[in-house]
Amino acid sequence: MSDAMNDVTRSIWKESHKVTAKLINGADAEAIVAVMTAANPDLVVKDFGSYLALENERELVFRLADIGEELGRKFEVPDFLTVLASYSGQVDVQDDAVSITEFASG
Amino acid sequence: MALPITKAYDRVKAIDWNPSYISTDEKYLEQSRFFVKDLKPLDPFKTFIREYFKMEQEKENRHYSVLEASSRLHQGHAEARWMEGMKFGLSNFAFVEYAAGRQMGRMARSVAPVELRQGYMMQMIDEMRHAQLEMNNLRHNMRTWHDPAGYDIALKGAGNNVGSGMFRAMMEDCTTCDPIETAISLQVFLETAYSNVFFVGLSSAAVAQGDHTMASTFLTIQSDEARHMANGWATLVTVLQDDRNVPLVQEVLDKWSWRAHVSFGLGNALFQDYFTKNRTESAKEASLRWVYDEFYGGFYQKLERYGIRPPPRLDEQMAEMDDLSHAAAVYIFGAWPFFYHRADPMTTADMEWFEKKYPGWYSRYGWFWEAYNKCKDPTDKTIILGQLGGLPNFCEVCQRPLIFPTPAAHSGRSFMHGGKAHIVCSPGCQDIYVKDPQHYQTDKGFYDLYHGKELSEVVDHMGYVRDDGETLIGQPELDGARMWTRADLRCCDFVVKRPPPPPFVDEPVVAAAPGGIR
Ligand SMILES: [Fe+2]
Ligand SMILES: [Fe+2]
């Protein structure tokens, strides 16, 4: 961290390990939250009415088969991306999951 | 899909070829000043065109069924302050999205790696979808809102009102800069830092105002932005693989940090604080969470390992959040005849809320609302614009009026460059101007067109008059005893005058950036 930084800048220029996903509220989002809450004991879910914000330390891994099972139908990457309104962290689409992790240390 | 995504993705990528019938120079019409040869790009979303369209169709189906149900069930009971404010607010966006689509077409052509190009091309189609979604929402509101005047001219209005120049200038700046700068300005600053506050943050405000169709428009748009944010990150970390790009990236980050704050950041703040009646969170709270905590803290800070420093005016930007929406409101409410919505002035309840969220608010802005509330009735023949001494100057870089950080002590300045006097809103915009002056050569501005003209003539020329040819579209309150007309404006005896320039400064601005821009 640069020494020339003033206090205000310093106050936000800090290491954060939080990653988030914002889901368009609805039946799909509720099923995703149910699956994610079961899999991540420290998950924080905030309800903003039109969207749900999921926050976790370091990573959020959305396993599509588990979400599909909760919904009782096939649930694939495009289905997930249909309700993912936004996120913070680094996204990666894999064959059976979508993950959001903190930006890889370089 | 038969193959797993990762395998199929590699196979599709291998289909890319170099055409033999056109030279590289002919193919890539313009060159970036960034070093992009031989870099290994990322494409985190690995989206295929077939899946892409399937997904977008599903989004469209979900969204348009909301619009359809809303028309059918006459869900027209949203807050009037919001519905009127969105005549101006939403009118700006179709242009912005369309410009973003043009930018992606240009980037797909001029930034070579296939992984990035694929993402840009889908984004180009996304942006066309967004422009259409917003135009459809304007049309929906025109059909369902009890006063359609303003919604009917929204796209034209966005082209000539005295506020939208901020958004037009912002988009034209990212359309005409270096193609890699386009990625950083649009995808990193506008889409990662700021569009979240608007499309996601403000969607819950829209719901609180009873406007579910707008919330649906916002969220279906932002679900595409998720990919755009990844395009931005992918482009950024790709170019940062080459050390020679670090100073060039820094320069762009320094510029756009300020540039986005004074345009999109300002719009977000105004809409959140002054177009909402049922309060959720303040613009300052929303910005601190989305822009300063999540973006600067959670995203930008991660670039430090590449040798990137924080932008030089971060503290100034954050400090401005105490005034940004309020100063913007003094302007947009003060200049109401130059807009096409009914303004809903702040009530005692609003003022109490502001005082709670922005301690000291009343001592800084109470005077304006006291004065405003005395000038609403046309029979009094007093217009708030006259009380304020007319419209201010506009910044030649960002097109903000010169009333920031506060109308009482704004940072506007004049300076000489290339043998001519120029006006900017702030030292931040002066830095931007001096580094790239030809980018900000102005065409005819508002005062070139209207200096010396009487107010009712100007409003008529701008097209902000209702079908009777006499009643104004813009009104200073939601439901006055009677509406203002052109005749009422004439009684106020107001002539548009170019204000004197702000004080000249001749201190040197920041030294030329490392890497040398253009
Ligand atoms: Fe867009
Ligand atoms: Fe400016």
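**A tour of chain B: two helices and an iron site**

Helices H3(B) and H6(B) are roughly parallel to each other, because an angle under 35 degrees counts as roughly parallel. The model is predicted, so local features need pLDDT of at least 70 and side-chain atom pairs count only at pLDDT 80 or more. Residues are numbered from 1 along each chain as its sequence is written, and ligands are numbered from 1 in the order in which they are written.

Select H3 (residues 49–72) of chain B together with H6(B); helices here are DSSP runs (H or I) of at least four residues, numbered from the N terminus. The two pack at an angle of about 5°, their axes 12 Å apart; axes are lines fitted to C-alpha atoms over the stretch in contact, and angles run from 0 to 180 degrees between N-to-C directions.

Next, display side chains between the helices. Contact means heavy atoms within 4.5 Å. Among the residues that meet are Tyr52(B) and Glu56(B) of H3(B), and Asp126(B) and Arg129(B) of H6(B).

Now select Asp126(B), in helix H6 of chain B. Is Asp126(B) buried or exposed? At 0% relative accessibility, Asp126(B) is buried, which means under 20% relative accessible area (1.4 Å probe, protein chains only). Leaving aside residues up to four places away in sequence, Asp126(B) touches Tyr52(B), Glu56(B), Asp224(B), Arg227(B) and His228(B).

Finally, select the iron ion (ligand 1). Glu97(B) (OE), Glu127(B) (OE) and His130(B) (ND1) coordinate the ion at 2.0 to 2.2 Å; donors are N, O and S atoms within 2.8 Å of the metal (3.2 Å for Na, K and Ca), and water is not among the atoms, so sites may look incomplete. Glu97(B), in H5 (residues 93–110), and His130(B), in H6 (residues 114–144), lie 33 residues apart. Glu97(B) is buried at 4%, and His130(B) is buried at 0% relative accessibility.

How values were computed:
Side-chain values use heavy atoms; hydrogens and water are left out. Buried means under 20% relative accessible area, exposed over 50%, partly exposed in between (1.4 Å probe, protein chains only). Angles under 35 degrees count as roughly parallel, over 145 as roughly antiparallel, 65 to 115 as roughly perpendicular and the rest as oblique.
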